[in-house]
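Here is a short tour of one protein chain, with an eye on its strands, its aromatic rings and its surface. Keep the viewer open as you read.

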Amino acid sequence: MFTSLHSQLLGILAAAALALPQATLAQGYQEGVNLSSEFLPLTLKNPEGKKHDFRASVSRFNMGIPYFLKEDKSQYLILGVQSEAYSFHGTRPGFHVSNLYSVTPTLGYNRRLSDKLRMDAIFLPTLSSDFKRIKGEDFLFGGIVRGVYQVKPNFALRGSLGYREQYYGALYIVQVGLDWQVSEKVRIFGDAPTSLTINYTNSPKLSTGFDLLAGNSSYRLAQENQYLRYSFATPGVFAEYNLKPGLALRAKVGYSLIRNLEVFNENDKADNVDFVVLGDEPKPISPEIEKGLTFRLALSYRVFTK
């Protein structure tokens with residue numbers, strides 16, 4: 001039932017992103033390279049009420065390397081790429097999607113404006129579809145501006161404003177966040193409404209905790225120019241092991257409180273502010289997929305920017 005980790009990692013390298021670049025600025029590092037493999041057991045219910053179990057595997061490769069313009073690291077470019085590949089396996093009547101792909105080159109600029117304030121701007125063009133017949137409208141554009149204000153040595157506030165084109169309409173990004181070193185062992189950081197992490201440092205090499213990840217993306221399908229929209233919110237518990245300075249391996253078990261894998265007709269559209277729909281919610285033409293467990297393994301290499 002489970003695809004081997006080896007095949008998943010090969011899938012990552014072959015995939016041609018879902019999340020925004022993972023620059024945790026207040027913590028003083030950039031997620032330089034992140035490889036992850038995720039397994040999703042899925043269940044759908046057909047119109048007759050019969051349930052069908054199937055599964056999805058997700059491979060992601062994200063890279064965002066800072067190119068420092070100043071020796072004191074007060075200014076740098078962010079150069080990178082995000083990619084992901086979804087594969088669906090098993091019997092799934094009414095859900096005729098086999099593979100989805102996304103590639104996002106990233107170009108950003110980060111600057112320390114004062115001892116307390118750092119800001120960056122990132123350009124995010126995306127190619128997102130089933131890659132069966134790529135067309136000009138498969139290229140979507142977007143960008144985001146973010147800032148981090150260091151209130152105290154152990155506490156920072158941050159905020160983001162952005163825009164991304166999606167097949168269902170416009171996605172407006174409004175996020176507020178924090179980074180709080182509560183104690184020597186406990187750190188809380190995240191950006192509502194898409195992320196929250198409570199990290200407990202058990203030892204210099206091992207950390208455990210809780211995290212919440214949420215996202216909202218779309219993919220054009222070759223069949224009748226339909227599109228798939230994927231919205232999710234997955235809280236879970238994790239364990240992270242530092243293999244060496246800057247290199248970390250994280251395993252997570254989560255449960256999707258929101259799991260909307262929905263197919264829509266081309267003209268069914270509605271703009272969003274993060275997860276809030278502006279106007280009437282279009283009706284999907286695919287069966288509902290139930291909530292459920294997720295399993296994720298990620299390897300990260302972090303570049304320190306302080």
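Of the 306 residues in this chain, 49% are buried. The model is a predicted one, and its secondary structure amounts to one helix and 20 strands. About 14800 Å² of the chain is exposed, with carbon and sulfur atoms supplying 61% of that area.

**Strands E5, E7 and E8**

A good place to begin is strand E7, which covers residues 126-129. Thr126 and Ser128 point to one side of E7, Leu127 and Ser129 point to the other, and all of them are buried. Strand E5 (residues 99-112) runs antiparallel to E7 and is joined to E7 by three bridges; in one of these contacts, valine 103 has leucine 127 as its bridge partner. E7 also pairs with E8, again in the antiparallel sense, over two bridges. Here threonine 126 has leucine 140 of E8 as its bridge partner. Strand E8 itself spans residues 139-140 and holds phenylalanine 139. With a relative accessibility of 43%, phenylalanine 139 is partly exposed, because the buried class ends at 20% and the exposed class starts over 50%.

**A nonpolar patch**

Phenylalanine 139 is also part of a nonpolar surface patch, together with Tyr67, Leu69, Leu79, Leu107, Tyr109, Phe123, Ile134 and Phe141. Together the members of this patch have about 870 Å² of accessible area.

**Aromatic pairs**

How many aromatic pairs does the model contain? The count comes to 13. One of them joins phenylalanine 68 and tyrosine 76: the ring planes meet at 65 degrees, and an angle over 60 counts as edge-to-face, so that is the class of this pair. Phenylalanine 68 is partly exposed, at 27% relative accessible area, whereas tyrosine 76 is buried, at 0%. Another pair, phenylalanine 123 with phenylalanine 141, is stacked. This stacked pair links distant parts of the chain, 18 residues apart: phenylalanine 123 belongs to strand E6 (residues 117-123), and phenylalanine 141 lies in the loop between E8 and strand E9 (142-152). Phenylalanine 123 is partly exposed at 42% relative accessible area, and phenylalanine 141 is partly exposed at 43%. Both rings are members of the nonpolar patch described above.

The geometry of these two pairs is set out here.

| Pair | Centre to centre | Angle between planes | Class |
|---|---|---|---|
| Phenylalanine 68 and tyrosine 76 | 5.3 Å | 65 degrees | edge-to-face |
| Phenylalanine 123 and phenylalanine 141 | 6.3 Å | 15 degrees | stacked |

Ring pairs also build a cluster, which links Phe54, Tyr86, Phe88, Phe95, Tyr219, Tyr230 and Phe232.

**Charges over rings**

Which ring does the charged end of lysine 73 sit over? That ring is phenylalanine 68, with the charged end 5.3 Å from the ring centre. Phenylalanine 68 therefore has tyrosine 76 as its edge-to-face partner and also has the charge of lysine 73 over its ring. Elsewhere, arginine 250 lies over the face of phenylalanine 238, at 3.8 Å from the ring centre.

Phenylalanine 238 leads on to aspartate 211: the two are 27 residues apart in sequence, and their C-alpha atoms are 7.4 Å apart in space. Aspartate 211 is found in strand E14 (residues 206-220). Is aspartate 211 buried or exposed? Its relative accessibility is 4%, and under 20% means buried, so aspartate 211 counts as buried.

Terms used:
Residues are numbered from 1 along each chain as its sequence is written. This is a predicted model: local features need pLDDT of at least 70, side-chain atom pairs count only at pLDDT 80 or more; totals for chains, interfaces and linings use all residues. Side-chain values use heavy atoms; hydrogens and water are left out. Patches are made of residues with over 30% relative accessible area and no salt bridge: like charges are joined within 9 Å, nonpolar side chains (Val, Leu, Ile, Met, Phe, Trp, Tyr) within 5 Å. Accessible areas come from the Shrake-Rupley method with a 1.4 Å probe; for residues, only the protein chains shown count as cover. A salt bridge is a side-chain nitrogen of Lys or Arg within 4 Å of a carboxyl oxygen of Asp or Glu. Helices (H or I, at least four residues) and strands (E, at least two) are DSSP runs, numbered from the N terminus. Buried means under 20% relative accessible area, exposed over 50%, partly exposed in between (1.4 Å probe, protein chains only). Two strands pair if DSSP finds at least two bridges between them. Rings of Phe, Tyr and Trp (its six-membered ring) pair if their centres lie within 6.5 Å; planes under 30 degrees apart count as stacked, over 60 as edge-to-face and the rest as tilted. A charge sits over a ring if NZ of Lys or CZ of Arg is within 6 Å of the ring centre and within 35 degrees of the ring normal.
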